[in-house]
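Colleague: Please take a close look at one part of this model, a packing contact between two helices. I should then like the account to be carried on to the other features that you can describe.

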Amino acid sequence: MSDLGPALGFYLRHFDDAEALRELGEAPKGISQAEWSLVRRVVKFQVDSEVQSLLRAVVRDGLASAIRAAEKFVLSEYGGNQIAKYWSLALSIGNHQDDLERAIFGVAIDGDPDFGPWLGVYLNYSRKPATNLRRARSALEAHEVAFHDPANPDRGWTGQLVVGRVRLVPEATVAECTTSVCTIATSMLQQESWSLIAAQ
Amino acid sequence: MSHDLAEVIRRLLPEMKAAAPTHDRVEWLEANWERIKAAAFGSLEAELLELSRVGTTRGLTQILSSSIDLLTPLRQAQREVAHTQLLAYFLGPARPHGLGAGPLRCFLLHLKRQLGRFARGEALSARLNDMITKVADAVVLPELPFATEAGELGRTDLWIEFPRTRPENLLVIEMKVGMPVSATQLQLYDGAISRRLAQAGLAPDAAVKVILSYEYFSPRPDWFPTSWRNLAAALAPTTLGESEGALLLKFYLATLLKELEGLTATPQSRREQLRLRSFLRLATRDVETE
């Protein structure tokens, strides 16, 4: 049984229309201000709150554990605004506790018309992100590692590479999301090309 | 109060429902979902059809329908320096694109419409009108280097002087692709602008300063924001000709609208429909009030 949250479940069931309603400012004609306030409370504020809970759980229990299992260190956490218009939470990774970041892994929830809503792990860099992302893209392509390139600034993506994603369905549980994130991150960290991808 | 009475009150007074637990609110939303969708999206497709018809007269629909754009094949759509050089090329009245001063004139008209609502709107309009009269003789300089008195080095993205021989007006454009604009950076540019105005014997208000970004945001009130989508809407009419320059500009504007703004002529989702409507409303409104 899903434990994602009632508002998030509603949002996922009605993804396309709910996404559009989030962006509407004023109440449409025929909807009272009080009703509109209720709509906004669910599709915006409550969904945001439940998404943040989900992200914290999958990052803490999935992403962070994959990073530690790869014998790397989680150096710092980035808040939910890296994907400016949407939802994400990220961790920076280092080989030792020497504050030298090697890469940033983040978990984001986004969606597109073809794939629908998804939960994914993305790669970014704190220093020279554009240069490093171009280099990482070349390394991933050379080693035939699949990735998704949102490259859509209107949703806040500015070149980050999504190295794995799963469809986010209303029936999903937090545990299933955590497992998916862990699997994706582990697979990337165990790539032969990881040292090339991570180097800055 | 009995449970039944509380339930009746909750149904009759939506304000009380706002305090209800999430499950109740979601339940209410599920029950009223079709009515809400009809109210929000009922006339959307009809309006899009009409807006697209008007947008066609300005070249907007043709740009959005383009299957290719200028910068994606080069993987440069997100690189600011590529946009700086291209915009300098198209805004330059003496460049070989064959569009003359058309693009720069259109951009100045757009700024005049947008900036009129800011403080000092009348003075800005007058300044932009003066620039428009001298547009054929403007010089557009991309990546102009400068040094501050403290020895710091910088480059302004686009520096435009009207006219080239003895400038009377200055337009400085700071462009942002994917990165936020910083107030510190603008301060450095202000120093370079002040020195140039002093050198040319011009008053401080001879310079108009613009930030061109996706976010339509400026951290400083004396730097005016505009957006890539507004720029594309402003320049679109100059792509209606058959010249090589018009075609090249059309493909560049396709980069702006499709790659930077995420717009499409065939929206696949409600969200995309709303974004397209928002853009076309803005772009075609300017036509009606011109």
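Modeller: Two residues are taken to be in contact when heavy atoms of the one lie within 4.5 Å of heavy atoms of the other. The model is predicted, and every value below is computed from it.

The part chosen is the contact of helix H3 (residues 33-69) of chain A with helix H5 (residues 174-189) of chain A. Two packed helices are described by the angle between their axes and the distance between the axes. Here the axes come within 8 Å and cross at roughly 35°, and the crossing of H3(A) with H5(A) is right-handed. On the side of H3(A), the contact is made by Leu54(A), Ala57(A), Val58(A), Asp61(A), Gly62(A), Leu63(A), Ser65(A), Ala66(A) and Ile67(A). H5(A) meets them with Val174(A), Cys177(A), Thr178(A), Val181(A), Cys182(A), Ala185(A), Thr186(A) and Leu189(A). By class, the residues of this contact of H3(A) with H5(A) comprise 12 nonpolar, 4 polar and 1 charged.

A second helix pair in chain A is formed by helix H1 (residues 6-13) and helix H2 (residues 15-23). The axes of H1(A) and H2(A) come within 5 Å and cross at roughly 110°; the two helices are therefore roughly perpendicular to each other. Tyr11(A), Leu12(A) and Arg13(A) of H1(A) touch Phe15(A), Ala18(A), Glu19(A) and Arg22(A) of H2(A). This contact of H1(A) with H2(A) has 4 nonpolar and 3 charged residues, with no polar ones.

Arg13(A) also leads to chain B. Side chains of opposite charge can pair when their charged atoms come close. Glu30(B) forms a salt bridge with Arg13(A), with the closest N and O atoms 2.8 Å apart. Glu30(B) lies in helix H3 (residues 22-41) of chain B and Arg13(A) in H1(A), so the pair joins two chains. Another salt bridge links the side chains of Arg270(B) and Asp17(A), at 3.0 Å from N to O. The rule finds 5 salt bridges across the interface of chain A and chain B, while the structure holds 26 over all chains. In this interface, 37 residues of chain A are in contact with 35 residues of chain B. The two chains bury about 3300 Å² between them, 65% of it on carbon and sulfur atoms.

Chain B has a helix contact of its own to set beside those above. Helix H6 (residues 80-91) of chain B and helix H11 (residues 244-260) of chain B pack at an angle of about 140°, with their axes 11 Å apart. That angle makes H6(B) oblique to H11(B), and the crossing of H6(B) and H11(B) is left-handed. His83(B), Leu86(B), Leu87(B), Tyr89(B) and Phe90(B) represent H6(B) in the contact, and among their partners in H11(B) are Leu248(B), Leu249(B) and Tyr252(B). The residues of this contact of H6(B) with H11(B) divide into 9 nonpolar and 3 polar, with no charged residue.

In chain B, Thr264(B) occupies the loop between H11 and helix H12 (270-289). Apart from its neighbours within four places in sequence, Thr264(B) is in contact with Leu64(B), Glu272(B) and Leu276(B). The C-alpha atoms of Thr264(B) and Leu276(B) are 7.2 Å apart, although 12 residues separate the two along the chain.

Two points of backbone geometry complete the account. Most residues other than glycine have a negative phi, and most peptide bonds are trans. Glu144(A), in the loop between helix H4 (129-142) and strand E5 (161-167) of chain A, has a positive phi near 55°. Phe162(B) and Pro163(B) are joined by a cis peptide bond with omega about -20°; Pro163(B) lies in the loop between strand E2 (153-162) and strand E3 (169-175) of chain B.

How values were computed: Residues numbered from 1 in each chain as written. Chains lettered and ligands numbered in written order. Predicted model: local features only at pLDDT ≥ 70, side-chain atom pairs only at ≥ 80, totals over all residues. Heavy atoms only, no water. Axes fitted to C-alpha atoms, helices over the stretch in contact; angles between N-to-C directions. Helix = DSSP H or I, 4+ residues; strand = E, 2+ residues; numbered from the N terminus. Parallel < 35°, antiparallel > 145°, perpendicular 65-115°, else oblique. Left-handed = near helix turned anticlockwise from the far one by under 90°. Nonpolar A, V, L, I, M, F, W, Y, C, P; charged D, E, K, R; others polar. Buried area = accessible area lost by both parts, 1.4 Å probe. Salt bridge = Lys/Arg side-chain N within 4 Å of Asp/Glu carboxyl O.
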